[in-house]
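Please prepare a briefing on the structure shown here, written for a reader who works at the bench and wants the main features grouped by topic.

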Amino acid sequence: MFKNSSGSRFLIICLTLLTLSLLTGCGDSQKKAKAPKIVPNFSLTSLDGTPITRDTLKGKVVILDFWATWCAPCRAAIPHLVTLYETYKDQGLEVIGVCLDQGGDISEISDFIKRNQVTYPIAIGTNNPITKDLGNITSLPTIILLDKNSSIEFKVVGYNNEIGNKMESKIKELIAQQ
């Protein structure tokens, strides 16, 4: 069929990829129903001493933002999270920043919060079981959006404008739900 072996290899690779995509359901028009995952109970304390638990947040749409001061994508997400918080907090949105800086130097984190005009609560999450309970959060930022019943509706690692826009659309939808 092909005179050279590179053409044969190309054809085999293409056929293999096509077969794999068919076997894994790529292009399948049926959506699989996913069961909502309830966030396990957790306990954090904000930098101002306020306790934050899953139960204190019930009835609100919640963004849990796992971040660190040294993380460039985290720093890019913060202004958008502040805007979302200021825009939707009176409609039931709560944003909780969970700082995962190693060592947890409170004065450094507090300075960062002031410089970046963060208006939502910040808690230290280093060595807190929440990072394991939510799927071993090791990449930052990890942003998790919860509905009013503490079910995970949206979870993403990283941040860009497209993610921000998707998150805002989902927030509007969740706030509108009774």
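The points below cover the sheet, the nonpolar core, the largest pocket and some backbone details.

This is a predicted model. Its strands include six that form an open sheet with mixed pairing, and its largest nonpolar core holds 51 residues. The largest pocket encloses about 190 Å³ of space.

**Sheet**
- Across the open sheet the strands follow the order S1-S8-S7-S4-S5-S6, and the edge strands, each pairing on one side only, are S1 (37–38) and S6.
- Strands S4 and S5 run parallel and are joined by seven bridges; Asp65 has Gly97 in S5 as its bridge partner.

**Nonpolar core**
- Within the largest nonpolar core, the residues that touch the most other members are Ile63, Leu64, Phe66, Leu93, Tyr120, Leu134 and Ile171.
- At least two residues of this core come from each of strand S4 (61–67), helix H3 (72–88), strand S5 (93–99), H4, S6, S7, S8 and helix H6 (161–176), and H3 gives the largest share, with eight residues.
- In soluble globular proteins, nonpolar side chains tend to be buried together.
- When neighbours within four places in sequence are left aside, the contacts of Phe66 include Cys74, Val98, Leu100, Ile130, Thr131, Leu134, Ile137, Leu140 and Pro141.

**Largest pocket**
- The lining of the largest pocket is made up of 13 residues, and those nearest its centre are Leu100, Gln102, Thr131, Ile137 and Thr138.
- By residue class, this lining divides into eight polar residues, four nonpolar residues and one charged residue.
- Leu100, Thr131 and Ile137, which are among the residues nearest the centre of the pocket, are also among the contacts of Phe66.

**Backbone details**
- Leu140 and Pro141 are joined by a cis peptide bond with omega of about -10°, and Pro141 is placed in the loop between helix H5 (130–133) and strand S7 (142–146).
- Gln117, a residue other than glycine, has a positive phi near 50° and sits in the loop between helix H4 (106–115) and strand S6 (122–124); Gln117 counts as exposed because its relative accessibility is 60%, where the cut-off for exposed is over 50%.
- Ser150, also a residue other than glycine, has a positive phi near 70° and lies in the loop between S7 and strand S8 (151–157); Ser150 counts as buried because its relative accessibility is 3%, where the cut-off for buried is under 20%.

Terms used
Residues numbered from 1 in each chain as written. Predicted model: local features only at pLDDT ≥ 70, side-chain atom pairs only at ≥ 80, totals over all residues. Heavy atoms only, no water. 1 Å grid on protein atoms, 1.4 Å probe; cavity = no way out; pocket = protein on both sides within 12 Å on 5 of 7 lines; lining within 4 Å. Points joined across faces, edges and corners; volume = space filled by probe spheres on them. Nonpolar A, V, L, I, M, F, W, Y, C, P; charged D, E, K, R; others polar. Helix = DSSP H or I, 4+ residues; strand = E, 2+ residues; numbered from the N terminus. Buried < 20%, exposed > 50% of the residue type's maximum accessible area, 1.4 Å probe, protein only. Core = buried A, V, L, I, M, F, W, Y, C linked by side-chain atoms within 4.5 Å. Contact = heavy atoms within 4.5 Å. Pairing = 2+ DSSP bridges.
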